[in-house]
Amino acid sequence: LQGIFVLGLPYALLHSGYSGLLLIVLAAALCCYTGKILIACLYEENEDGQLTRVRDTYEDIANACCKKLSPSLGGIVVNVTQVVELIMTCILYLVVSGNLLSHSFPYVPVTEKTWSVIAFVTLLPCVFIRTLKIVSKLSQLCSLVHFVIIFVVITYCLTQMHQWSWAKFRLSLEFENFLVSVGVIIFSYTSQIFLPTLEGNMKNPREFRCMLNWTHFFACILKTTFALTAFLTWGEKTKEVITDNLPSFLETLVNLCLLTKALLSYPLPFFAATEIVYSCISNNNHSNYRSPLLALTIRGSFLLLTLLMAMFTPHFALLMGLSGSVTGAAMTFLLPSLFHLKLKWKKLSFLEKCADISVFILGFLCSLAGIVCSIKGLLEVFG
């Protein structure tokens with residue numbers, strides 16, 4: 001999910017300056033930390049003092065925390081948040097697809113919204129996806145295309161090193177634009193909803209913490225390098241989707257690669273969102289579609305919803321900032337720290353408690369401010 005949204009990081013640097021570089025590093029460290037404490041909530045000590053996995057999903061953790069209020073309240077909150085985040089991701093894929101097609105074929109008299117509809121038509125077969133096996137094959141192709149895109153953009157930027165200047169970085173910041181950038185950066189790291197399943201399927205779950213450290217370290221290096229080289233190349237002319245800055249001979253090629261990646265990436269969040277909704281409706285029996293018509297209706301409704309939202313909100317960076325501020329902050333910072341405090345309070349040291357509380361407060365403030373500024377930006381765009 002993080003891949004294509006790296007394209008918004010240079011634009012985030014435009015509005016956050018030097019602090020944006022620090023934010024990319026800080027977000028990686030905080031996301032790595034909350035990933036670890038989230039997985040810690042899956043385990044409890046048995047009679048022998050050994051850690052045993054007693055929960056399997058994010059929903060199970062939420063239900064355990066809220067069982068005194070309601071046995072299923074926590075799960076409902078988490079499921080709603082997950083579905084919103086996944087659907088927003090799907091919407092972003094459609095928005096960026098329309099943007100890419102529009103800039104790839106500028107001489108075709110078709111609006112960006114119409115291009116999004118054309119991209120949507122190619123995604124109609126998603127209605128018939130019933131297993132994760134198909135989605136996984138599409139995701140493998142995404143990874144290959146992603147590395148090709150990043151390599152091409154960074155290589156071009158390196159050829160323009162002679163015009164780089166650190167003076168392009170802003171020293172004074174516009175607070176509202178800075179907060180939108182915070183949302184963009186947060187959204188580029190969100191992956192917590194998949195971590196419980198990932199850890200549960202590892203051959204050696206004990207290696208999870210080490211894996212998380214290395215993946216976030218390399219993600220931070222890649223994103224910092226990409227954002228920095230791109231911003232130093234274009235400076236104040238940096239656009240919402242960085243590939244729009246490329247010269248025409250590269251822009252079309254890279255945009256078509258990105259379009260392919262966006263369309264191949266769409267099925268994963270779409271499938272995950274519809275599975276969550278169907279499992280809730282069919283009493284968590286999502287392994288067997290007892291009602292094919294219901295499953296088809298849910299998928300069709302979600303597919304149409306993503307198109308309608310993409311039509312009414314065709315602004316990549318603002319939409320990504322809003323998503324990061326709302327669902328990204330909740331799933332990445334607020335809920336993991338809150339759940340960890342609730343389930344492990346008696347066993348946490350003073351410093352660990354302080355760390356969790358600090359992450360929660362920071363996440364709440366960033367989320368609140370980001371929501372206000374992103375919505376204000378969208379309202380200004382729509383007049």
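This is a guided tour of a predicted model, going from the whole chain to single residues and contacts.

Residues are numbered from 1 along each chain as its sequence is written, and side-chain values use heavy atoms, with hydrogens and water left out. Because the model is predicted, local features need pLDDT of at least 70 and side-chain atom pairs count only at pLDDT 80 or more, while totals for chains, interfaces and linings use all residues.

**The whole chain**

Start with the full chain in a cartoon view, where the secondary structure comes to 14 helices and two strands; helices (H or I, at least four residues) and strands (E, at least two) are DSSP runs, numbered from the N terminus. Of the 383 residues, 53% are buried, where buried means under 20% relative accessible area, exposed means over 50%, and partly exposed lies in between (1.4 Å probe, protein chains only). Switch to a surface view, and the chain exposes about 18100 Å², with carbon and sulfur atoms supplying 69% of that area; accessible areas come from the Shrake-Rupley method with a 1.4 Å probe, and for residues only the protein chains shown count as cover. Among the contacts with a separation of 6 or more, 79% are between residues 24 or more positions apart, a contact being heavy atoms within 4.5 Å.

**Helix 2**

Select Thr 34 next, which is found in helix 2 and counts as buried, at 0% relative accessibility. Leaving aside residues up to four places away in sequence, Thr 34 touches Gln 192, Thr 332, Phe 333, Pro 336 and Val 359. Leu 22 is also placed in helix 2, but counts as exposed at 58% relative accessibility. To see what Leu 22 faces across the sequence, add Thr 224: the two are 202 residues apart along the chain, and their C-alpha atoms are 9.3 Å apart in space.

**The second largest pocket**

From helix 2, move to the second largest pocket, whose volume is about 660 Å³. On a 1 Å grid over the protein atoms alone, a pocket is an open set of points with protein on both sides within 12 Å along at least five of seven lines, and lining residues have an atom within 4 Å of a point. Grid points are joined across faces, edges and corners, and a volume is the space filled by probe spheres set on the points. To centre the view, select Ile 39, Ala 40, Tyr 43, Leu 51 and Arg 209, which are the closest to the pocket centre of the 21 lining residues. Two or more lining residues each come from helix 2 (18-40), strand 1 (43-45), helix 9 (208-234) and helix 13 (316-344), and helix 2 gives the largest share, five residues.

**Salt bridges**

Side chains of opposite charge can pair when their charged atoms come close. A search of the whole structure finds four salt bridges, each a side-chain nitrogen of Lys or Arg within 4 Å of a carboxyl oxygen of Asp or Glu. Show Glu 44 and Lys 344 as sticks, and their side chains meet in a salt bridge of 3.8 Å, N to O. Glu 44 lies in strand 1 and Lys 344 in helix 13, so this pair ties together parts that are 300 residues apart in sequence. Lys 344 counts as buried at 9% relative accessibility.

Arg 53 is the next selection, partly exposed with a relative accessible area of 25%. Its side chain meets that of Asp 56 in a salt bridge of 3.1 Å, N to O, and Asp 56 counts as partly exposed at 47% relative accessibility. The side chain of Arg 53 also meets that of Glu 199, at 2.9 Å, N to O. Glu 199 lies in helix 8 (residues 195-200) and Arg 53 in strand 2 (residues 51-53), so the pair ties together parts that are 146 residues apart in sequence. Glu 199 counts as buried, at 2% relative accessibility. Salt bridges that share partners also join Glu 44, Arg 55 and Lys 344 into one network.

**Helix 5**

Then select Ala 119, in helix 5 (residues 112-122), which counts as buried at 3% relative accessibility. Beyond residues up to four places away in sequence, Ala 119 touches Leu 94, Ser 97, Leu 101 and Leu 263.

**A nonpolar patch**

Finish by selecting Trp 345, Ile 357, Ile 361, Phe 364, Leu 365, Leu 368 and Val 372, which make a nonpolar surface patch of about 660 Å². Patches are made of residues with over 30% relative accessible area and no salt bridge, with like charges joined within 9 Å and nonpolar side chains (Val, Leu, Ile, Met, Phe, Trp, Tyr) within 5 Å. Val 372 lies in helix 14 (residues 350-381) and is exposed, with a relative accessible area of 51%.

Definitions and conventions: 1 Å grid on protein atoms, 1.4 Å probe; cavity = no way out; pocket = protein on both sides within 12 Å on 5 of 7 lines; lining within 4 Å.
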